[in-house]
Amino acid sequence: MSATPQAPAKASFKFPFKFPFWAQIITGLVLGVLLGWLAKGQDVSWLRTTLQQVGDIFVQLLKLAVAPLVFFAILVSITNLRKVNNAARLASRTLLWFMITSLIAVGIGLAIGLLTNPGAGTGLTPQDGKLPKKQGSWIDFLTGIVPTDVVTPFTELNVLQIVFMAAVAGIAALQLGSKAQPVLNLAESVLELLQKALWWVIRLAPIGTVGLIGTAIATYGWDLIGKYATFTADVYIGSALVMFGVYPLLLATVAKVSPVQFFKGAWPAIQLAFVSRSSVGTMPVTQKVTERLGVPKEYASFAVPFGATTKMDGCAAIYPALAAIFIAQIFDVQLGIKEYLLIAFVSVVGSAATAGLTGATVMLTLTLSTLGLPLEGVGLLMAIDPILDMMRTATNVAGQAVVPVLVSAREGILDKKAYAAASSSPLEERAVPVAA
């Protein structure tokens, strides 16, 4: 009896070296700076246009999924709380730590602003300012939560109203119980579909980095950055102090875990946030790395989407504090203890107005209107905003991962073994070998 011939095994192509995702991002960053400098210095108009189009397409792809992603993520996250013991306690502790870290962040922002006087010596005057296209006030904030219809928030990308509708739907589903299960099954399937599609967009982040960073350098150049040197340094230093000072201190003392290990696990989300400037766009990665850090999936699926729309230590705490001081100095307005307390209040209560999108204009106008400062001051900061927003968003996302780790550790539900093992990017696990 002859042996049956076996089909030859398919050979798999392997690259001679591994090029991790973080290295792709760094490469895109360096290439973007070089191309942006070339477009600016040599006045290469076609290169400037190409960089802008590449960056705009990447951001537009991220924004395309924002509205449905926020709705279904919040809806599913609220209903997932029923699977968690002490759900109300976890939710309240999460909110409490959001507030505590925001207060610390705004305190650091105020301290740095008072020490450095970022508005002094810039050469800018009130005439250089202009009213922003989007403004925020407490009346607009409170009345704008409830939508007039169910379609407009999605077409106009009003994230705050989308969060409101998703929260109402989630609470209603919890009240209905088993009757709402078919809807919840559909919501979970749609959410997985959206996250899968967004992973494909995220894989394009190195290319998007080239366009976004290149456009920033080609458009603004180093001369403009020089005028805002102190303010730019203040935002980056303040964000760095929170991200690499406050968060590690809380992790070491409150959660009693290794801060270094946290950054190993969370770095994929932080670096993507820096490039994309969108907490919501980064949300699937943030949730994945948070789960890899040992946070239970049921709790992470609530805390991360909730944080992506409300937890903004960079955009809603450090930045408005520094910006208020900067604008007050340009317009020669004196701020006192009452104004500083108001800044802290707005940062803690009004951070949901930022809503996880690129830029923090609405939050800044909300702060300025509360303090009675001229809204024209926002126009002074618009030119430099994209460069500031990268560090702000990275800080936001780091905080959105830190708080679930803190709460999980305090509640005794953090998987310490998973935390100790978290190191690889979740993106690399999805890579599929190419068959020859």
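This text walks through the salt bridges of a predicted model.

The structure holds six salt bridges. A good place to start is the pair formed by Glu411 and Arg89, whose side chains meet with N and O 2.8 Å apart. Glu411 belongs to helix H18, which covers residues 385-411, while Arg89 lies in helix H4, covering residues 87-116. With the two positions 322 residues apart, this salt bridge links distant parts of the chain. Arg89 has a relative accessible area of 40%. That value falls between the limits of 20% and 50%, so Arg89 is called partly exposed.

The next pair is Asp313 and Lys311. Their salt bridge has its closest N and O atoms 2.9 Å apart. Are these residues buried or exposed? Asp313 has a relative accessible area of 0% and is therefore buried. Lys311 counts as buried too, because its relative accessibility is 1%. The cut-off behind both statements is a relative accessible area under 20%.

A further salt bridge joins Asp385 to Arg392, and here the closest N and O atoms are 3.1 Å apart. Asp385 has 8% relative accessibility, so it counts as buried. Arg392 counts as buried as well, at 0%. This pair is part of a wider arrangement: salt bridges that share partners connect Asp385 and Arg392 with Arg277 and Asp389 in one network.

How values were computed: Residues are numbered from 1 along each chain as its sequence is written. This is a predicted model: local features need pLDDT of at least 70, side-chain atom pairs count only at pLDDT 80 or more; totals for chains, interfaces and linings use all residues. Side-chain values use heavy atoms; hydrogens and water are left out. A salt bridge is a side-chain nitrogen of Lys or Arg within 4 Å of a carboxyl oxygen of Asp or Glu. Helices (H or I, at least four residues) and strands (E, at least two) are DSSP runs, numbered from the N terminus. Buried means under 20% relative accessible area, exposed over 50%, partly exposed in between (1.4 Å probe, protein chains only).
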